[in-house]
Amino acid sequence: MTARAHPATIPVPLAMALAAIAPLLMSLLISLFAVPWAAAQTNTKTGAALAYVPNEGSATISVIDTLSDQVIADLPGGSKPRGLAIGADRRWLYVSDQPNNRLQLVDLKTRALGGTIALGESPEGVSISPDGRWVVAAVEGRNEIAVTDTRSNALAFSIKVHGKNPEHAVFSPNGKLLLVSAEEGEAVDVIDFSARKQVAQVAVGARPRGIGFLPDSSRAYVATENANEVFVIDTARFAILARIKAGLRANGVAVHPSGREVYVSNGGDANVAVIDTASNQVVATIPVGQRPWNMALTPDGKKLYVANGRSNSVSVIDTATRTRLRDVAVGKLPWGVVIK
């Protein structure tokens with residue numbers, strides 16, 4: 001008769017010891033994985049802002065810690081993320097999902113997709129009001145601006161514009177105006193936001209793209225891709241103050257918090273032009289990756305982050321020395337950058 005083998009057993013003292021430390025080991029493992037993201041979300045560790053980069057080719061959003069300039073997470077972004085806005089409480093990321101004609105919400109606490117808001121055909125640029133109440137999206141197919149109330153995360157109303165194929169809709173820092181660039185309109189539509197209607201239209205060059213305001217809202221800078229120029233608009237008179245020769249296929253615009261400099265990405269030249277706002281002249285150009293697109297500055301204005309669509313990277317620029325510090329690899333076809 002063959003003896004039956006018994007399963008191996010762990011000595012009782014050892015089993016008791018393992019049972020005692022198991023919760024500690026689990027807690028340690030959870031903390032190792034959770035702390036970097038939690039610390040970044042609350043900025044308690046480094047105090048650094050985070051840069052969010054929508055990658056329309058890989059359907060992800062890369063998150064860059066602006067202190068280390070390293071990607072610390074990749075979030076889902078819907079099917080083709082483009083415009084982004086970050087909620088005032090950093091709970092939600094609002095993403096235009098162009099093929100699905102909607103605003104996709106991303107939960108920044110769980111790093112998961114949340115609800116969606118139907119907007120209409122082909123939403124592109126997204127921005128948020130200075131008070132954090134309203135998220136606006138330029139809806140190309142309807143020639144209108146869709147406005148979401150962040151208190152309910154529901155579509156509140158829409159505003160028709162005269163220009164065809166609006167791409168960007170940007171609030172003035174004082175929250176009074178919304179400027180809209182229409183790709184096929186050769187003009188910028190001016191919306192009085194409190195009145196919820198368009199009140200003016202300013203003719204600019206062919207294919208207007210990015211828009212940036214001076215901090216006091218007195219002037220707006222508009223890049224025109226096919227004219228290779230930047231138009232400076234007096235927002236009190238809705239009149240052109242200056243036309244500045246930019247590089248080939250000028251598109252993205254970012255304004256330094258001091259108001260002294262404006263940055264314009266030149267997609268065909270693979271560089272960023274620096275405009276001195278006192279003279280409205282280009283005073284420097286900084287090489288970056290291929291097809292630089294939309295950009296953003298850190299809150300202190302010390303670094304500029306430029307999405308390079310064909311290089312699948314973000315160039316980081318030191319604004320004091322006007323030099324490129326490094327390139328950060330992100331997903332495929334990065335469309336822009338938002339920093340908070």
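Me: In S26, which residue is the bridge partner of Lys 303?

Reply: The model is a predicted one. Strand S25, residues 303-308, and S26 run antiparallel and are joined by six bridges. Within this pairing, the bridge partner of Lys 303 in S26 is Asp 318.

Me: In the hairpin of S25 and S26, which residue takes a positive phi?

Reply: Four residues lie between the two strands of this hairpin. One of them has a positive phi near 55°, and that residue is Asn 312.

Me: In S27, which residue is the bridge partner of Val 316?

Reply: S26 also pairs with strand S27, residues 323-329, in the antiparallel sense over six bridges. These two strands form a hairpin with four residues between them, and Arg 322 in the turn has a positive phi of about 55°. Across the pairing, Val 316 has as its bridge partner in S27 the residue Arg 326.

Me: Why is strand S26 largely enclosed by the rest of the structure?

Reply: Strand S26 covers residues 313-318. The cut-off for a buried residue is a relative accessible area under 20%. S26 is largely enclosed because, of its six residues, the number buried is five.

Me: Which strands are the edge strands of the open sheet with the order S16-S17-S18-S19?

Reply: This open sheet has four strands with antiparallel pairing. Neighbouring strands in the sheet are turned by 25° against each other on average, direction ignored. An edge strand here pairs on one side only, which applies to S16 (208-213) and S19 (239-245).

Me: Which residue in S17 does Ile 211 stand opposite?

Reply: S16 pairs with strand S17, residues 219-224, in the antiparallel sense. Four bridges make up this pairing. The residue in S17 that stands opposite Ile 211 is Val 222.

Me: How many residues apart in sequence are the parts that Lys 160 and Glu 144 tie together?

Reply: The side chains of Lys 160 and Glu 144 meet in a salt bridge, with an N to O distance of 3.7 Å. Lys 160 lies in strand S11 (residues 154-160) and Glu 144 in strand S10 (residues 144-149), so the pair ties together parts whose separation in residues is 16.

Me: Is Glu 144 buried or exposed?

Reply: Its salt-bridge partner, Lys 160, is exposed, with a relative accessible area of 53%. The relative accessibility of Glu 144 is 8%. Because the cut-off for burial is under 20%, Glu 144 counts as buried.

Me: Which residues are joined with Arg 207 into one network by salt bridges that share partners?

Reply: Arg 207 is partly exposed, with a relative accessible area of 26%, and its side chain meets that of Glu 183 in a salt bridge of 3.7 Å, N to O. The side chain of Arg 207 also meets that of Glu 225, at 3.1 Å, N to O. Salt bridges that share partners join Arg 207 into one network with Glu 167, Glu 183, Arg 209 and Glu 225.

Me: Where in the chain does Glu 225 lie?

Reply: Glu 225 is buried, with a relative accessible area of 8%. Its pairing with Arg 207 links distant parts of the chain, 18 residues apart. Arg 207 is in the loop between S15 and S16, whereas Glu 225 is in the loop between S17 and S18.

Me: How many salt bridges does the count come to?

Reply: Side chains of opposite charge can pair when their charged atoms come close. The cut-off used for such a pair is within 4 Å, nitrogen to carboxyl oxygen. By this rule, the number of salt bridges is 21.

Technical notes. Residues numbered from 1 in each chain as written. Predicted model: local features only at pLDDT ≥ 70, side-chain atom pairs only at ≥ 80, totals over all residues. Heavy atoms only, no water. Pairing = 2+ DSSP bridges. Axes fitted to C-alpha atoms, helices over the stretch in contact; angles between N-to-C directions. Buried < 20%, exposed > 50% of the residue type's maximum accessible area, 1.4 Å probe, protein only.
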